[in-house]
Amino acid sequence: QADLIISGTQTSAIPPTIDPADLVKVRALSGVDAVAAETAEPAKIGGVAGYVGAFDDVAAATTILKVDVTGGSFTDLGSTKFAVDDGTANKQRWSLGQTVTAQFSRGGPRQLSVGAIYKGSQGVSGIVVPWSVATAAFRTAATSQAYVKLKPGASATAVKKQIDTILADSPEVNVLTRAEWVGNLTQIFGLVLTIVQVLLGVAVLAAVLGIVNTLVLSVLERTRELGMLRAIGLRRGQTMRMVT
């Protein structure tokens, strides 16, 4: 449900981050209704290694990303619970209230319990820990992506220009409309499809040349045979049909 997305182009193992001060300014804009910024980094939860995410405003994330909670509370995790999507919970056989050991980039092992189970989607999936855990145990709690929901009637173009001004000192981070963001994500698929089409065209051209070459040789090698058939009475139309 985001109208604008703030993110950076990841060119290394560590994605560019958004200045927290810039997020404060974005939230203060008159046309902005809510902002949900997220961060993610590798961790080991219950002995399973993978990326773990966190939102600085869980309530906004629940609305903007349309989180469908099936058990527990996604917005009230405190500092000792985490949320997990139903697919991961089923795979790991985790149930609501179950306690597992979590190891993050900083600090020692922590005991966290399953505080919420939600339906995974393209917007959010996997394990989500409270922001307090992220700030204390992540390598950095700086967010790498933010979803902006505008107030009814607000101009996305106007707000985007305002956010561009705010992000002027962070050239590695930019703001995109939802359509532009989706276009960037699908750009690689368009490139792959173009390459496949070019290769398919080359293959078709090679096949056509091979077939034409075979047919031409078949006719040229039978010149005397065709001449003999014509001499004993085969009409021109019959010859053409035979060759065809």
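## Salt bridges

A salt bridge here is a side-chain nitrogen of Lys or Arg within 4 Å of a carboxyl oxygen of Asp or Glu. By that rule, this predicted model has three salt bridges. Let's walk through them one pair at a time.

Start with R27 and D56, whose side chains meet with 2.9 Å between N and O. R27 sits in helix α1, residues 20–27, while D56 belongs to the loop between β3 and α2 (58–64), so this salt bridge ties together parts that are 29 residues apart in sequence. How covered are the two partners? R27 counts as partly exposed, because its relative accessibility is 32%. D56 counts as partly exposed at 24% relative accessibility.

Next come D68 and K119, with their closest N and O atoms 3.7 Å apart. This pair links distant parts of the chain: D68 is in strand β4 (residues 68–72), K119 is in strand β7 (residues 110–119), and their positions lie 51 residues apart in the chain. D68 has 38% relative accessibility and counts as partly exposed. K119, at 44%, counts as partly exposed too.

The remaining pair is K160 and E180, whose side chains meet at 2.8 Å, N to O. Which parts of the chain does this pair tie together? K160 is in helix α5 (residues 156–166) and E180 is in helix α6, so the pair joins parts that are 20 residues apart in sequence. Is K160 buried or exposed? K160 is buried, because its relative accessible area is 17% and the cut-off for buried is under 20%. E180, at 34% relative accessibility, counts as partly exposed.

## The largest pocket

Now for the space inside the fold. The largest pocket holds about 1,100 Å³ of space. Of the 35 residues that line this pocket, the closest to its centre are E38, G123, Q145, Y147 and W181.

Which elements give two or more residues to the lining? The strands that do so are β1 (4–8), β2 (32–45), β3 (48–55), β8 (127–128), β9 (145–150) and β10 (173–177), and they are joined by helix α6 (178–220). By residue type, the lining divides into 17 nonpolar, 15 polar and three charged residues.

## A nonpolar patch on the surface

If you turn to the outside of the model, you will find a nonpolar surface patch of about 700 Å². What makes this patch? The residues are I188, F189, L191, V192, I195, V196 and L199.

I188 is a handy place to start looking, and its place is in helix α6. This residue is partly exposed, because its relative accessible area is 48%. Helix α6 is also the helix that holds E180 of the K160 pair, and it gives two or more residues to the lining of the largest pocket.

## Far-apart pairs

Two pairs of residues give a feel for distances across the model. How far apart are the C-alpha atoms of G227 and A34? They are separated by 86 Å, and the two residues are 193 residues apart along the chain. G227 lies in helix α7 (residues 223–231) and is partly exposed, with a relative accessible area of 37%.

The other pair is G97 and L215. Their C-alpha atoms are 74 Å apart in space, and the residues are 118 apart in sequence. G97 belongs to the loop between α3 (86–92) and β6 (99–103). With a relative accessible area of 48%, G97 is partly exposed.

## Two backbone angles to look at

Here is some background for the last stop. Most residues other than glycine have a negative phi. Which way does phi go at K66, positive or negative? K66 has a positive phi of about 55 degrees, although it is not a glycine. K66 is found in the loop between α2 and β4, and at 58% relative accessibility it counts as exposed.

R93 has a positive phi of about 60 degrees, and it is not a glycine either. R93 lies in the loop between α3 and β6, which is also the loop that holds G97. Is R93 buried or exposed? R93 counts as exposed, because its relative accessibility is 73% and the cut-off for exposed is over 50%.

Note on methods. Residues are numbered from 1 along each chain as its sequence is written. This is a predicted model: local features need pLDDT of at least 70, side-chain atom pairs count only at pLDDT 80 or more; totals for chains, interfaces and linings use all residues. Side-chain values use heavy atoms; hydrogens and water are left out. On a 1 Å grid over the protein atoms alone, a cavity is a set of points where a 1.4 Å probe fits but cannot get out, and a pocket is an open set with protein on both sides within 12 Å along at least five of seven lines; lining residues have an atom within 4 Å of a point. Grid points are joined across faces, edges and corners, and a volume is the space filled by probe spheres set on the points. Helices (H or I, at least four residues) and strands (E, at least two) are DSSP runs, numbered from the N terminus. Ala, Val, Leu, Ile, Met, Phe, Trp, Tyr, Cys and Pro count as nonpolar, Asp, Glu, Lys and Arg as charged, and the others, Gly among them, as polar. Patches are made of residues with over 30% relative accessible area and no salt bridge: like charges are joined within 9 Å, nonpolar side chains (Val, Leu, Ile, Met, Phe, Trp, Tyr) within 5 Å. Accessible areas come from the Shrake-Rupley method with a 1.4 Å probe; for residues, only the protein chains shown count as cover. Buried means under 20% relative accessible area, exposed over 50%, partly exposed in between (1.4 Å probe, protein chains only).
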